[in-house]
Amino acid sequence: MSDRKKIFGTPDIILAPSFMACPGCQHPTIGRIAVEAMMELGIDGKTVAIMGVGCTGGLLGMTNIDVMLPAHGRGPDAASAIKRVRPDTIVWTLQGDGDSMAIGAGPFVGALNRGEKITIIMGNNTNYGTTGGQLSPTTMMNQTTTTSPNGRASENEGYPVHAAEMAATFKGCAYSARSALTSPAGYKKTKKYIKTAFQKQIDNVGLSFVEVISACPLNWRKPPVECLEWIDNVVLKELPVGEYKNVDRIE
Amino acid sequence: MGERIFVRGNEAIGWGALNADCDAFFGYPITPQNESTEWFAREFPKKGKIFVQSESETGSISMLFGASGAGVRCMTSTSSPGWGLMQEGMSHLSAADLPCVIVLVQRGGPGAGTTRHAQTDYNSVVKGGGPGDYNNIVLAPASCQEIHDFMQQAFYLADKYCNPVVVLSDGILGQIREPVKLNKIEFEELPYKDWAVRGRDNQKNCARNFIHSAPGLIPTRLGMNYEDWLVHAHKKFESMLSEVKYETLHEKDSDLFLVAFGYCARSSEEAVNMARKQGLKVGLIRPITLWPFPEKIINEKAKKGCDFLVVEDNLGQMIHDVKASAEGNSKVHFYGILSRHQPNDGGMLMPGQILENIKKIL
């Protein structure tokens, strides 16, 4: 066996063979891409990662890095504080759309406004997965959820939040991008975006943010392949992928 | 060392934190504690320490979760409505065994209430306003000097028990100016915080740390099950009971004991002195820790037939702890916020009027 070299597989620092997630869920994929990006940059040993409350963060509990799980939505608060008191660490949060855009909207905006040198990765599956598929701020128009049984309607539920675009409007934001995992190119782009986001923190530029659209087959009541089609045809029409901000210096 | 300064109670918070080697302050403006946040904004950066103005009090307390988890001494200060917002965080901090200090400069509640002094947060501070089974030590200073000294005590106790500690001030103590001796108190050395997050490679044994407030969902360092954690929490809170602290005046020969904390303890002390001059056998029991509550001394005195007059600037909160401690052995009278010397938000519980009340009882 000694002549064999591992050329592909789960990163060694991931401690479990598989992650708690429903079939077809892309949240563990986002986590794995973030872990790979971290390892390629050689920063895992000085990282403190913050788990969001919800489906997104679970992977970090099984990764061999320092991890903290604060209250629902408060990831950016805890991350800000850790980065301030330990500026030599790399601090990033892995949150969901409910965690960061609803209950955690205040901490998200607060961290952006203070220009914290942290990285926020948001897995956006347009609903609350953990609790059974309720409406979230990023739910698509007409999308059926257990708390919008007739589909999201503007009169009662308003319109989807554009997190990546919003983050880009803050001067303290160094990087903001959105990607989706609907094609091999999307996987590559996602890793590139997350690596760039970490690099902004390594270079001490400002807050870096990546939103990754993520399929939730169980709660969307769709087979995984149809989920990917729905992301391409519906979600990405409302929330286009791409880099919304990328600066090396904030004047 | 030992320099004397003349400062407001709200500024004594800062000087005390400095002598406690506090590393970071996270806070949000709120009256009547603004001099505290402003002191930290002014003084901490000069000393290479961290000051962050948060986006809300929920932000402040969540920042404490992060900073405390990273292993540094950290604190916030707030007033009553902000304290309300911090309750969720208090519960999470205790669940995650994270030490930090919260200073509450009370104003009148409920709701937005007033921006002036009161003691209307006793219940939520002492009984815990957040969800779940948890406790926190509450220190109640009655002077600027004590605010300074208790800050140091608070950081020591927080680190000793890995639990948040509250220093309970009020609008009067926050705003009065008194001389403060900047003495640094020596405490026994505490263990290295090997549980803190600082990056895996910075850990002594290069083993990761995982800090969370979900002991029923995720295994903790103490074991796999929720019950393992409950047993640990129970032991922690039981051992904290040994920190009970109080002061007495005329403990040996009083028929009536005033029971008061914070600024009301100052008024009560004066009332006791006035009463003694008139030959009345009146004493004072001043709880310094409101949790744990000094039940034993009250119970002993009650069994000897001493009555109590609880003096607190609210509608009657600590009185229930005094009654529980007295176990029906004696009479527990009340002198509260409706007896202020002026019937408004600026009114206070004054020594002369407390004395009148004492005379009615005796």
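## A walk through chain B and its contact with chain A

P110(B) sits in the loop that runs between β5 (100–106) and α6 of chain B. The peptide bond leading into this proline, from G109(B), is cis, with omega near 0°. Please keep in mind throughout that this is a predicted model.

A second cis peptide bond joins T31(B) and P32(B), and here omega is about 5°. P32(B) belongs to the loop between β2 (24–27) and α2 of chain B. One more backbone detail deserves a look: H250(B) has a positive phi, near 50°, although it is a residue other than glycine. H250(B) is found in the loop between β10 and β11 of chain B. The table gathers these backbone features.

| Feature | Angle | Loop (chain B) |
|---|---|---|
| cis peptide T31(B) to P32(B) | omega about 5° | between β2 and α2 |
| cis peptide G109(B) to P110(B) | omega near 0° | between β5 and α6 |
| positive phi at H250(B) | phi near 50° | between β10 and β11 |

**The seven-stranded sheet**

Let us turn to the strands around those loops. In chain B, seven strands build an open sheet with mixed pairing, ordered β3-β2-β4-β5-β7-β6-β13. Which strands stand at the edges? They are β3 (50–53) and β13 (289–291) of chain B; each has a single partner strand, so one side of each lacks a neighbour in the sheet. On average, neighbouring strands of this sheet are turned by 20° against each other, with direction ignored.

At one end of that order, β2(B) pairs with β3(B) in the parallel sense through four bridges. Within this pairing, F26(B) has V52(B) of β3(B) as its bridge partner.

Helix α2(B) lies across β2, β3, β4 (74–79) and β5 of chain B, and its direction makes an angle of about 135° with β2(B). Another helix packs against α2: α1 (residues 9–19) of chain B meets α2 (residues 34–43) of chain B at an angle of about 40°, the axes being 8 Å apart. The two helices α1(B) and α2(B) are therefore oblique to each other, and their crossing is right-handed. From α1(B), the contact uses N10(B), E11(B), I13(B) and G14(B), while α2(B) supplies E35(B), S36(B), W39(B), F40(B) and E43(B). Sorted by class, the contact of α1(B) with α2(B) contains three nonpolar, three polar and three charged residues.

**The five-stranded sheet**

A further open sheet in chain B has five strands in the order β10-β12-β11-β14-β15, again with mixed pairing. Its edge strands are β10 (246–249) and β15 (332–335) of chain B, each pairing on one side only. From one strand to the next, the twist averages 20°. Strand β14 (residues 307–311) of chain B runs parallel to β15(B), and four bridges join them. In this pair, V311(B) stands opposite Y335(B) of β15(B).

This sheet has a helix across it as well: α10 (residues 263–277) of chain B lies over β10, β11 (256–259), β12 (282–287) and β14 of chain B, running at about 165° to β12(B).

**Two domains in chain B**

The domain assignment splits chain B into domain 1 (4–181) and domain 2 (248–361). Taken over C-alpha atoms, the centres of these two domains of chain B are 26 Å apart. How many residues of each domain are in contact with the other? Domain 1 of chain B brings 22 residues and domain 2 of chain B brings 21. On the domain 1 side, the elements giving two or more residues are α6 (122–126), β6 (137–139), β7 (164–170) and α8 (171–175) of chain B. The largest share of that side, four residues, comes from α6(B). By class, the domain 1 side divides into twelve nonpolar, eight polar and two charged residues.

**Where chain A meets chain B**

Finally, the contact between the chains takes 28 residues from chain A and 34 residues from chain B. On the chain A side, two or more residues come from each of β1 (47–51), β2 (66–69), α2 (75–85) and α4 (105–114) of chain A. Helix α2(A) gives the most to this side, with eight residues. The chain A side has 14 nonpolar, eight polar and six charged residues.

Strand pairing also links the two chains: β2(A) pairs with strand β9 (residues 210–212) of chain B in the parallel sense, over three bridges. There, M68(A) has I211(B) of β9(B) as its bridge partner.

Methods:
Residues are numbered from 1 along each chain as its sequence is written. Chains are lettered from A and ligands numbered from 1 in the order in which they are written. This is a predicted model: local features need pLDDT of at least 70, side-chain atom pairs count only at pLDDT 80 or more; totals for chains, interfaces and linings use all residues. Domain bounds come from an automatic or database domain assignment. Two residues are in contact if their C-beta atoms, placed from the backbone, lie within 7 Å. Ala, Val, Leu, Ile, Met, Phe, Trp, Tyr, Cys and Pro count as nonpolar, Asp, Glu, Lys and Arg as charged, and the others, Gly among them, as polar. Two strands pair if DSSP finds at least two bridges between them. Axes are lines fitted to C-alpha atoms, for helices over the stretch in contact, and angles run from 0 to 180 degrees between N-to-C directions. Angles under 35 degrees count as roughly parallel, over 145 as roughly antiparallel, 65 to 115 as roughly perpendicular and the rest as oblique. A crossing is left-handed if the near helix is turned anticlockwise from the far one by less than a right angle, and right-handed if clockwise.
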